[in-house]
Amino acid sequence: MSVLVFIESADGAIKKSSLEAISFAAAMGQGDVTAIYLGQLESAELQKAGNFGATKVLHVNDERLNKGIIQAYASVLAQALEQSGAKTLVLAKSALGDPVAARVAIKTGASFVSNVTALPDTTSGFKVTRSIYTGKAFATEEMKGDIKILAVKKNAVDLKETGGSAQVEAFSPQLSDSDFGVTITKTEKQEGEVLLPEADIVVSGGRGMKGPENWGMLEELAGELGAATGCSKPVSDIGWRPHHEHVGQTGVKVSPTLYIAVGISGAIQHLAGVNSSKVIVVINKDPEAPFFKAADYGIVGDAFEVVPKLTEAIRAAK
Amino acid sequence: MKILVCITHVPDTTSKISFSDNNTKLNSAGVQFIIGPYDDYALARAIELKEQSGGSVTVLNVGEADTEPTIRKALAIGADEAIRINSFPKDSFFVAQQIAAVAKEGGYDLILMGRESIDFNGGMVHGMVGELLGMPSVSPVMKLDIEGNTARLAREIEGGKEYLELNLPFVAGCQEPIAEWKIPNMRGIMTARTKNWTYGSRWRPRPRPSCSATTCHRPRGGENDR
Ligand SMILES: Cc1cc2nc3c(=O)[nH]c(=O)nc-3n(C[C@H](O)[C@H](O)[C@H](O)COP(=O)(O)OP(=O)(O)OC[C@H]3O[C@@H](n4cnc5c(N)ncnc54)[C@H](O)[C@@H]3O)c2cc1C
């Protein structure tokens with residue numbers, strides 16, 4: 001038996017969430033772990049998958065797959081499942097992973113569960129726990145059928161380094177024109193930035209920041225912490241920040257180790273996107289702000305005074 | 001252009017979530033139900049596209065009779081007709097099969113829905129429908145323009161966006177800022193009553209592995225809203 005793990009990269013490196021997915025697959029104890037990567041990437045980078053428990057990496061070294069074409073990716077993964085004989089596909093939940101896996105589920109007749117938050121319980125059957133109602137609750141369900149697909153939420157398991165190195169093998173699937181019915185004409189992406197869904201620490205700003213010109217302060221704090229920046233919905237609605245930074249019920253759901261919210265009131269829709277963070281720090285000048293109820297640490301004070309001091313203190317502590 | 005918009009009937013975003021029947025069912029006492037916020041964006045954009053270039057907007061919901069007020073709201077916002085497949089939406093695969101069956105029969109040019117529902121957050125129905133129909137599927141779509149047979153889209157990716165082009169027909173999972181949510185006006189509410197409804201009985205799929213025996217629980221220390 002073996003488990004296949006679909007991995008993605010960002011800025012030339014395997015994404016941390018993908019490494020977590022490999023650790024997750026290894027910890028499942030359902031046999032050898034084979035990772036699969038689509039598009040061009042250095043072999044030396046792919047070998048690193050071995051350090052997290054993969055014995056092999058299937059590499060589809062095809063330039064056409066450098067961008068995430070949903071249909072083509074689904075065709076490749078379905079063929080890899082069939083040819084490798086793997087019965088389980090694990091992937092990190094992502095903007096690309098879920099739409100791709102949905103198509104793979106139809107192609108292979110698999111059952112598919114997303115937002116998985118813990119290792120499956122295989123003592124009798126195959127039970128998985130996932131978050132539902134945007135993190136307000138959890139469901140445990142039995143996955144049936146021969147083939148299973150699990151999209152894993154960030155921080156479901158700890159990264160575990162094994163010291164191994166994976167063997168990289170070429171994989172050449174059959175792709176047809178109909179797999180490329182969608183043409184990507186342009187990509188706009190910040191290079192070298194910590195990706196919000198991947199980040200271990202997130203510094204987020206709300207309407208209390210007063211205007212886009214004040215974000216420098218948050219970026220500086222984020223820079224010191226190696227954090228990604230996020231924002232509340234009105235902030236991206238007014239265009240102070242790009243939409244991909246919008247956190248919450250209708251935006252990105254994050255589950256970092258540390259979430260720092262500055263000048264955000266803590267509306268239930270915002271909390272829905274951050275409630276699986278391990279530690280929440282809230283900075284707000286209103287002691288009655290609802291966010292304090294969900295916070296592990298709260299600082300009542302003016303962001304414009306507190307944030308620079310916090311940045312200073314972190315710099316000093318380094 | 002014939003547009004099909006698939007909507008979910010879900011608890012309002014401010015709802016406190018709890019369960020009954022031995023933790024197997026949502027406790028719906030005091031819960032207000034709404035059109036899924038992402039589906040609402042899809043519906044708003046569908047209506048704008050129709051206003052620009054003509055055609056029709058059909059809303060589709062897979063659900064039991066209790067979802068009717070939600071469907072009626074979609075008609076009041078501006079959809080032309082409604083289809084309700086009278087069945088409990090038991091899982092994503094089941095719902096996708098129902099949608100694909102309706103779509104095949106209706107010959108739609110464009111199938112829109114939210115990127116995910118806010119109850120089970122599966123985010124997989126659009127992909128499944130696309131695959132079942134042999135059409136491209138794109139998600140999460142934040143911009144959608146159509147000219148003749150060609151669509152130009154922007155899709156959110158981590159840390160930015162990607163612009164794409166493809167031909168109709170296809171399936172899209174939508175999110176903001178594809179359009180602004182629309183609020184029904186008095187005229188919409190009045191005309192909604194006279195619009196055409198179809199009730200479908202569920203299309204019986206072949207038996208297939210899926211998930212079952214769901215039990216639910218609230219997060220640890222679920223007293224506060226985390
Ligand atoms: C269907 C639906 C979906 C939604 N989805 C989302 C979502 O995904 N994400 C989201 O964020 N919102 C969402 N919202 C909106 C949500 O309800 C709130 O309106 C929003 O989160 C408020 O943003 P905010 O906290 O930045 O602004 P406000 O509520 O205006 O709060 C600003 C806060 O800043 C504080 N403040 C002001 N000045 C200072 C200062 N100098 N120093 C420190 N603190 C200061 C204030 O005390 C206040 O608490 C949604 C709403 C609906 C209806």
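A residue is called buried here if its relative accessible area is under 20%, exposed if over 50%, and partly exposed in between, with a 1.4 Å probe and protein chains only. By that rule, 57% of the 226 residues of chain B count as buried.

Before going on, a note on what we are looking at. This is a predicted model, in which local features need pLDDT of at least 70 and side-chain atom pairs count only at pLDDT 80 or more, while totals for chains, interfaces and linings use all residues. Residues are numbered from 1 along each chain as its sequence is written, chains are lettered from A and ligands numbered from 1 in the order in which they are written, and side-chain values use heavy atoms, with hydrogens and water left out.

I will stay with chain B for a moment. It has 5 helices and 14 strands; helices are DSSP runs of H or I with at least four residues, strands are runs of E with at least two, and both are numbered from the N terminus. Chain B exposes about 9,800 Å², and carbon and sulfur atoms supply 49% of that area. Accessible areas come from the Shrake-Rupley method with a 1.4 Å probe, and for residues only the protein chains shown count as cover. Contact means heavy atoms within 4.5 Å. Taking the contacts in chain B between residues at least 6 apart in sequence, 68% join residues at least 24 apart.

One helix of chain B deserves a look. In α4, residues 125-133, 8 of the 9 residues are buried. Among them are B:His126, B:Glu131 and B:Leu133. What covers these buried residues? From chain A, the cover includes α4 (97-108) and β7 (111-116); from chain B, it includes α3 (92-106), β8 (110-114), β9 (137-147) and β12 (170-174). After the helix comes B:Gly134, with a positive phi near 70 degrees.

For contrast, B:Glu51 sits in helix α1 of chain B, residues 37-53. B:Glu51 is exposed, at a relative accessible area of 60%. Its C-alpha atom is 14 Å from that of B:Leu144, and the two residues are 93 apart along the chain.

Now to chain A. The UniProt record, an unreviewed entry, gives residues 3-184 of chain A the annotation "domain: Electron transfer flavoprotein alpha/beta-subunit N-terminal". UniProt annotations may be inferred rather than shown by experiment; their positions are in the numbering used here, and feature names are shortened. Over residues 3-184, chain A is 25% helix and 31% strand, with the end C-alpha atoms 31 Å apart.

Two residues from that stretch. A:Gln79 is in helix α3, residues 70-84 of chain A, and is buried at 16% relative accessibility. A polar atom of the A:Gln79 side chain lies 2.8 Å from the backbone oxygen of A:Gln174. A:Lys136, in the loop between β8 (127-132) and β9 (137-143) of chain A, is also buried, at 10%. Which backbone oxygen does the side chain of A:Lys136 reach? That of B:Thr13, at 2.9 Å.

Next, the ligand. It lies between chains A and B. There are 28 residues around the ligand, and A:Arg207, A:Ser232, A:Ser265, A:Gln269 and A:Asn284 come nearest; a residue is near if one of its heavy atoms lies within 4 Å. By class, this shell has 7 nonpolar, 15 polar and 6 charged residues. Nonpolar covers Ala, Val, Leu, Ile, Met, Phe, Trp, Tyr, Cys and Pro; charged covers Asp, Glu, Lys and Arg; the others, Gly among them, count as polar.

Oxygen atoms of the ligand lie 2.6 Å from a side-chain N or O atom of A:Ser232, 2.7 Å from a polar side-chain atom of A:Gln269 and 2.9 Å from a polar backbone atom of A:Gln249. On its own the ligand has 980 Å² of accessible area, and the protein covers 81% of it. The elements giving two or more residues to the shell are α6 (233-237), α7 (268-271) and α8 (303-317) of chain A.

The same unreviewed UniProt entry places a "binding site" feature at positions including A:Arg207, A:Ile264, A:Ser265, A:Gln269 and A:Asn284. A:Ile264 lies in the loop between β15 (258-262) and α7. Is A:Ile264 buried or exposed? At 4% relative accessibility, A:Ile264 is buried. Its contacts beyond four places in sequence include A:Ser232, A:Asn284 and A:Phe291. A:Ser265 is in the loop between β15 and α7 of chain A, and is partly exposed at 42%.

Terms used
A polar contact is a pair of N or O atoms within 3.5 Å; within protein, one must be able to donate a hydrogen and the other to accept it, and residues adjacent in sequence count only if both atoms are side-chain atoms.
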